[in-house]
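Dear colleague,

Please find below the structure I am handing over to you, together with its sequence. My findings follow directly after it.

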Amino acid sequence: MRRFYYSLRLAGKSAWNRRSTLMLVVFSIALSTTLLLGIEKLRTQVKESFVQSVSGTDLVVGARGGDIQLMLYAIFHLGGATNNMGWDSAQEIAKRDDVAWTIPISLGDSHRGYPVVATTRDFFEHYRFREGRRLTLTEGKNLENLFDVVIGAEIAKKLGYSLGRKIILSHGNSGAHLTEHDDKPFAVTGILASTGTPVDRSLYIGLQAMEAIHINWRGGAPIPGMHLTPEQVARFNLEPKNITALLVALKKRSQVFALQRDINEWKAEPLMGVMPGVAMDRIWSMVNTGERVLLVVSALVTITGLAGLAAVILAGLGERRRELAILRSAGARPLDILVLMACEGCLLVGAGIVCGLSALLLLAWGLSPVLADNYGIFIYPSLPTAGEWALLGFIGAAGLVTSLIPAFRAYRMSLSDGLTVSI
C-alpha cells in the first residue's frame with residue numbers, strides 16, 4: 001500500500017513537471033466526458049419530454065382503431081381521426097362515479113400549418129405534463145368569449161403574435177389551398193408558457209367556437225349564399241355533436257383496467273381507451289434511432305480522447321527512458337514502473353472526468369433557461385444519475401486499460417536500454 005502511495009505521489013509530480021503537454025490530454029478527455037454525459041442527459045430529457053407530453057391522464061378515449069394512431073392525433077395532433085366519438089358518450093363517461101375529470105378535444109382545423117384544438121376550460125385546469133406540471137400563461141387570460149384563442153409559445157415566437165392579434169383559421173389541416181373561416185376572426189387573448197410538448201405548437205379555442213365556425217358549412221364546404229356574422233352565430237345552439245378524443249383521469253388509478261374494459265365494450269358506439277404511458281413507450285421505441293446514433297458518436301469521441309492519452313504517453317517514453325532507468329537503478333522494480341505509469345494515466349483520466357463533469361454542470365446552469373424558453377427542453381444542474389455514473393465508470397475503466405498500454409511498454413524497457421547513450 002505504501003508503494004502504491006509513493007507511486008501515485010511520484011506520478012503526480014512527474015505529470016506536473018510535464019503539465020503544459022498533458023493539459024491538452026486532460027482537455028481532450030474533459031471534452032469527451034462533457035460530450036458523452038451531455039448527450040446522455042439530453043437524450044434522457046428529450047425522451048422524458050416525449051413520454052410525459054401528457055401526465056396525470058389515465059386513459060385517452062376515441063373511436064375504435066389503432067392505439068398509436070389515437071395517441072398521435074389526440075396528443076401530438078398528427079394525422080387525423082378516421083372517425084369521431086359522440087358527445088353523448090363523452091358526457092356519459094364524464095358522469096361516471098370513478099372518473100375525476102375529463103378533457104374533450106376536437107381537431108380538424110389549422111392556422112398556417114399549426115393545429116387548432118377545440119376544448120373547454122378544463123384543459124387549462126387539469127392538463128399536466130412532465131411529472132405533474134400544469135399549464136401557465138405568460139401573458140393574457142384564459143378563454144372567456146366565443147371567439148377567443150389561446151396560442152402556444154412556439155406560435156407566438158415564430159409568427160410574432162401578441163395579445164389582441166386577429167387571426168383567421170383554416171378548414172382542414174393539410175393541403176396547399178385550404179378554405180379560410182375569414183368571416184369569423186379570432187382574437188388572441190392568452191399566450192402559454194413553453195412546455196416542450198405539442199402544446200407549444202397548437203392554438204386553443206372553445207368547443208362552441210369550433211361549432212360556430214362550421215355552422216354554415218355542409219360536407220366540408222361553406223353553404224353558398226349563407227353568411228352569418230359572429231353576432232348571429234352566437235344565438236344558435238352550439239353544443240357539439242361529436243369530438244375527436246377524450247382525456248380521462250380517474251379518482252383511483254387502480255380502476256383504469258375496469259374503465260378501459262367498459263369503454264372497449266361500449267354499446268352506444270365502437271370506442272377504445274388507451275393508456276398513455278404504454279402507448280408512448282411503444283411510439284418512442286419506434287423513433288429512438290437518433291438517440292442511438294448520438295450515443296455512438298459520443299462514444300467514438302471518447303475513444304478518440306483516450307487514444308490521444310495513450311499516444312501522448314507513448315510518445316513521451318522515448319524522452320523519459322533515462323528517468324525510468326534512474327528509477328530502476330535507485331531500486332525500483334519493473335512492477336513499480338508499471339504501477340507508476342498506470343497511476344499517471346489514471347490521474348490524467350480522473351482530472352479529465354472531473355473537469356468534464358464540472359463543465360457540464362456549468363453549461364447546464366447557464367443554458368437551461370435558453371433551452372427551456374426556446375426549445376422546451378428542461379435540463380437542470382444535478383448530480384449524475386445512475387446511467388451517467390455508469391458512463392463515468394466506463395470512461396474510467398477505459399482510461400485504466402488505455403494507461404496500461406504505455407505502462408507495459410515501460411515495464412519491458414531494460415535498464416541497459418535506458419542508460420545506453422547512442423553515438
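The chain holds 15 helices and 17 strands. Please bear in mind that this is a predicted model. Of its 423 residues, 46% are buried. Among contacts between residues at least 6 apart in sequence, 78% join residues at least 24 apart. The accessible surface of the chain amounts to about 21500 Å², and carbon and sulfur atoms account for 60% of that area.

The first site I would draw to your attention is Asp148. This residue lies in strand β8, which covers residues 148–151. Asp148 is buried, yet it has no salt bridge. The nearest side chain of opposite charge belongs to Lys141, at 5.9 Å; a salt bridge is counted within 4 Å, so this pair does not qualify. What does the side chain of Asp148 reach at 2.7 Å? The partner is the backbone nitrogen of Asn145. The backbone nitrogen of Glu144 is also reached by the Asp148 side chain, at 3.2 Å. Leaving aside residues up to four places away in sequence, Asp148 touches Leu143, Phe186, Ala187, Thr189, Tyr204 and Ile205.

Two residues deserve a note on backbone geometry. As general background, most residues other than glycine have a negative phi. His77 is not a glycine, but its phi is positive, at about 55°. His77 sits in the loop between α3 (67–74) and β2 (85–86). Arg112, likewise not a glycine, has a positive phi of about 55°. Arg112 is located in the loop between β3 (99–111) and β4 (114–119).

Is each of these two residues buried or exposed? His77 counts as buried because its relative accessibility is 13%, and the cut-off for buried is under 20%. Arg112 counts as exposed because its relative accessibility is 56%, and the cut-off for exposed is over 50%.

Finally, there is a feature on the surface to report. Val296, Leu300 and Ile303 make a nonpolar surface patch of about 280 Å². Of these residues, Val296 is found in helix α11, which covers residues 289–317.

In brief, the points I would ask you to look at in the model are the buried Asp148 without a salt bridge, the positive phi of His77, the positive phi of Arg112, and the nonpolar patch made by Val296, Leu300 and Ile303.

With kind regards

Notes:
Residues are numbered from 1 along each chain as its sequence is written. This is a predicted model: local features need pLDDT of at least 70, side-chain atom pairs count only at pLDDT 80 or more; totals for chains, interfaces and linings use all residues. Side-chain values use heavy atoms; hydrogens and water are left out. Helices (H or I, at least four residues) and strands (E, at least two) are DSSP runs, numbered from the N terminus. Buried means under 20% relative accessible area, exposed over 50%, partly exposed in between (1.4 Å probe, protein chains only). Lys and Arg count as positive and Asp and Glu as negative; His and the chain ends are not counted. A polar contact is a pair of N or O atoms within 3.5 Å; within protein, one must be able to donate a hydrogen and the other to accept it, and residues adjacent in sequence count only if both atoms are side-chain atoms. Contact means heavy atoms within 4.5 Å. Patches are made of residues with over 30% relative accessible area and no salt bridge: like charges are joined within 9 Å, nonpolar side chains (Val, Leu, Ile, Met, Phe, Trp, Tyr) within 5 Å. Accessible areas come from the Shrake-Rupley method with a 1.4 Å probe; for residues, only the protein chains shown count as cover.
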